[in-house]
Amino acid sequence: MTENELKNLLAAVTPPDEAARAAAHAHWAALAKPLGGLGRLEAMVEDAAALTGDPVPDVSRRAVLVLCADNGVVAQGVSQTDASVTRAVLENLTAHRTSVCRMAAAAHCDVVPVDMGIAGAPVPGAADCRIAAGTADFTTGPAMTRAQAVQAIAAGIALVRAQKQNGAQLLATGEMGIGNTTTSSAVASVLLGRPVTEMTGRGAGLSDAGLQRKIDAIERGIARNHPADPLGVLAALGGFDIAGLCGVFLGGALERLPIVMDGFISGVAALCAVRLCPAAEKAVFASHASSEPAAHIVLDALCKKPLITAELHLGEGTGAVASLPLWDMALAVYNGCYSFAEGGITPYTPQC
């Protein structure tokens, strides 16, 4: 796929179906409970109805896509561990032994490990979307070419289409890649015009000295590359996992499939998607407020409110998967609660 082909494809993204949203809102209002009593859960179902065009959304078949990639910037000492950990976690993802695998089993959610570009040979059992064996060190030049960024985005879109063909009705997003809080902070700092120090946290637990190395590497990467447009920012400073997740959000908009953000990293990917295609916002659903310092800034930029505040920062899609039971409970009320009419109760009316 070329840049122009991507642009033409994204032009096909349609606005939300406001008639379906209104129907869902009216259905909530008819149920025998205080108006808006389930708060964001009600808005979430209405947003899903507007996205899918179905006033009775169904998300019983779902999967979490865990996109894995290595990042050349780890050479700058921005993480506690080296790239070998990316491979180790991907291997355990394919064996269904990681944190998100156990949580997904409890939430009746499939786990799809995806190799977007890790060092070394492919990992058996992982979906092969490899762009290259990791990105370049962005302190010495672009992390990837624009063509590679487009290729990764296209791979994310293709993942969504394949999952929909397999019957998925909702997708959660996850990632794994040593150094990817560094790439995310770099991309977010440029896209939002915020200081690097404000957008950069300790990731998996950096010391003060490690945090300063991370900030310094990001500042040098931005100065070295001078990225401008959203695709250029993603290519210069991002990772294959972020670019692939950007494609997942765009694919959700194209296929009218809800895509649940995890934390800071997938939030940055969603931000890239919305900057490339503002109409893609309709497919983005927030799950939780990560403890990563800039997570709330990204959520605010996307105008999204999280369902969960639990100081999660594990990654792998754990926060997104943790929110899925809330979808189930919201839809259990939406589909099964008795109405005011059925209960012989005078309906509530808005007072303000």
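1. In this note helices are DSSP runs of H or I with at least four residues, numbered from the N terminus, and on that footing E316 lies in the loop between α13 and α14 (318-322). The model is a predicted one, and the points below should be read with that in mind.

2. E316 has a phi near 65°, which is a positive value in a residue other than glycine. Is E316 buried or exposed? Its relative accessibility is 10%, and because buried means under 20%, E316 counts as buried.

3. H226 offers a second case of a positive phi in a residue other than glycine, here near 45°. This residue comes just after α9 and lies in the loop between α9 and α10. With a relative accessibility of 63%, H226 counts as exposed, since the cut-off for that word is over 50%.

4. The helix that precedes H226, α9, runs over residues 208-225, and its 18 residues reach 26 Å from the first C-alpha to the last, close to the 26 Å expected at 1.5 Å a residue. Which residues of α9 are buried? They are G210, L211, K214, I215, A217, I218, G221 and N225. These buried residues are on the same side of α9, because they cover an arc of only 160° around the axis. As a general matter, an α-helix has 3.6 residues a turn, so residues three or four places apart point the same way. As for partners, the buried residues of α9 pack against α7 (180-192), α8 (196-199) and α10 (230-237).

5. Turning to internal space, the count comes to 1 cavity of 30 Å³ or more, and the largest cavity has a volume of about 50 Å³. Its lining is made up of M261, D262, G263, F264, G267, H288, S290, A295, V298 and L299, which divide into 5 nonpolar, 4 polar and 1 charged.

6. Which helices each supply at least two residues of that lining? They are α12 (264-276) and α13 (295-302), and it is α13 that gives the most to the lining of the largest cavity, with 3 residues.

7. A last position to look at is S339, which is found in the loop between α15 (324-336) and α16 (340-343). S339 is buried, because its relative accessible area is 16%, and buried means under 20%. When its neighbours within four places in sequence are left aside, S339 is in contact with A30, L31 and A32.

Conventions. Residues are numbered from 1 along each chain as its sequence is written. This is a predicted model: local features need pLDDT of at least 70, side-chain atom pairs count only at pLDDT 80 or more; totals for chains, interfaces and linings use all residues. Side-chain values use heavy atoms; hydrogens and water are left out. The expected span of a helix is 1.5 Å times one less than its number of residues. Buried means under 20% relative accessible area, exposed over 50%, partly exposed in between (1.4 Å probe, protein chains only). The arc is that of the directions from the helix axis to the C-beta atoms. Contact means heavy atoms within 4.5 Å. On a 1 Å grid over the protein atoms alone, a cavity is a set of points where a 1.4 Å probe fits but cannot get out, and a pocket is an open set with protein on both sides within 12 Å along at least five of seven lines; lining residues have an atom within 4 Å of a point. Grid points are joined across faces, edges and corners, and a volume is the space filled by probe spheres set on the points. Ala, Val, Leu, Ile, Met, Phe, Trp, Tyr, Cys and Pro count as nonpolar, Asp, Glu, Lys and Arg as charged, and the others, Gly among them, as polar.
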